[in-house]
Amino acid sequence: MNDQFARTRLLLGDEAIRRLDRARVAVFGVGGVGGYAVEALARSGIGTLDLIDSDTVALSNLNRQIIATHSTVGMYKVDAAAARVRDINPHAVVNPYRVFFTPETQDMFDFTHYDYVIDAIDTVTGKIALVMNSQAAGTPIICSMGAGNKLDPTAFEVADIYRTSVCPLAKVMRRELKKRGVEHLKVVYSKEEPITPLPSGEELPEGRRQIPGSTSFVPSVVGLIIAGEVIRDLCGYER
């Protein structure tokens, strides 16, 4: 078994490994959730990854983001993630974009080129734009709902957006997507009530009332759940 995907091949088979190698997946947001999704996709043999994020690695990212180490602080997250992917699978094609995805930058991306889209960004307007672009292109998408201010990684589940409850972000997304005629959307969310974080003492970005708290073990689980859904869907895995 001199093959880095040999153990995956034992479960999914040769044809599935070929499908994954031919697949192109776009990951929007390469932070706590998106970074772990990228890691799992790379280790599963996805052939082409488009990574979209304008942020750089900060010291405060080290508690939860797999791309964040002392050696990567100050690097663009997409560059740090791309380097990891290439080290895991030198045959993978990685396209990093130092771009903050918004409705204003959406025209930079042709969603018909993707086999799957992962939404791991924070802004509602960006999430809606990702959903609308993906559905217009006929490209599957999975979205991360709120992972901040949560402590129970076992509470996360995969559901249709219209079957979610409790999560404040999911509530906003349900309302906005219903207005736009979106009938279905696969999401990962939690019914755990968000915890109110303690004051951070940091200067708040414009439009933000507080800095969300997070841990090493919640966003990572969300990212891995998302990656698992993508891999199974691309392989045609039936539940």
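In this predicted model, the lining of the largest cavity comprises, by class, six nonpolar residues, two charged residues and one polar residue. The residues concerned are Gly35, Val38, Glu39, Ile66, Ile67, Ala81, Arg84, Val85 and Ile88. Under the classification applied, Gly counts as polar, whereas Glu and Arg count as charged, so that Gly35 is the polar member of the lining and Glu39 and Arg84 are its charged members. Two helices, α3 (32-44) and α4 (77-88), each contribute at least two residues to this lining, and the largest share, amounting to four residues, is supplied by α4. The volume of the largest cavity is about 30 Å³, and the count of cavities of 30 Å³ or more comes to one. As a general matter, the empty space left among atoms is revealed by rolling over them a probe the size of a water molecule.

The secondary structure of the protein consists of seven helices and seven strands, which follow one another along the sequence in the pattern α-α-β-α-β-α-β-β-α-β-β-α-β-α. The radius of gyration of the protein is 17 Å, which is close to the 18 Å that the globule rule gives for 239 residues, and the protein is therefore as compact as a globular protein of that length. Taken along the principal axes, the box filled by the C-alpha atoms has dimensions of roughly 50 × 45 × 35 Å.

Seven strands form an open sheet with mixed pairing, in which the order is β3-β2-β1-β4-β5-β7-β6. The edges of this sheet are occupied by β3 (93-97) and β6 (156-160), each of which pairs on one side only. On average, and with direction ignored, neighbouring strands of the sheet are turned by 20° against each other. At the edge formed by β6, the pairing is with strand β7 (residues 186-190), to which β6 is joined by five bridges, the two strands running antiparallel. Within this pairing, glutamate 157 stands opposite tyrosine 189, a residue of β7.

A further element associated with the strands is helix α5 (residues 124-137), which lies across β1 (24-28), β4 (116-119) and β5 (141-144). These three strands appear consecutively in the order of the sheet, as β1-β4-β5, and the helix α5 runs at about 170° to β5.

Terms used. Residues numbered from 1 in each chain as written. Predicted model: local features only at pLDDT ≥ 70, side-chain atom pairs only at ≥ 80, totals over all residues. Heavy atoms only, no water. Pairing = 2+ DSSP bridges. Axes fitted to C-alpha atoms, helices over the stretch in contact; angles between N-to-C directions. Contact = heavy atoms within 4.5 Å. 1 Å grid on protein atoms, 1.4 Å probe; cavity = no way out; pocket = protein on both sides within 12 Å on 5 of 7 lines; lining within 4 Å. Points joined across faces, edges and corners; volume = space filled by probe spheres on them. Rg over C-alpha atoms; globule rule 2.2 N^0.38 Å.
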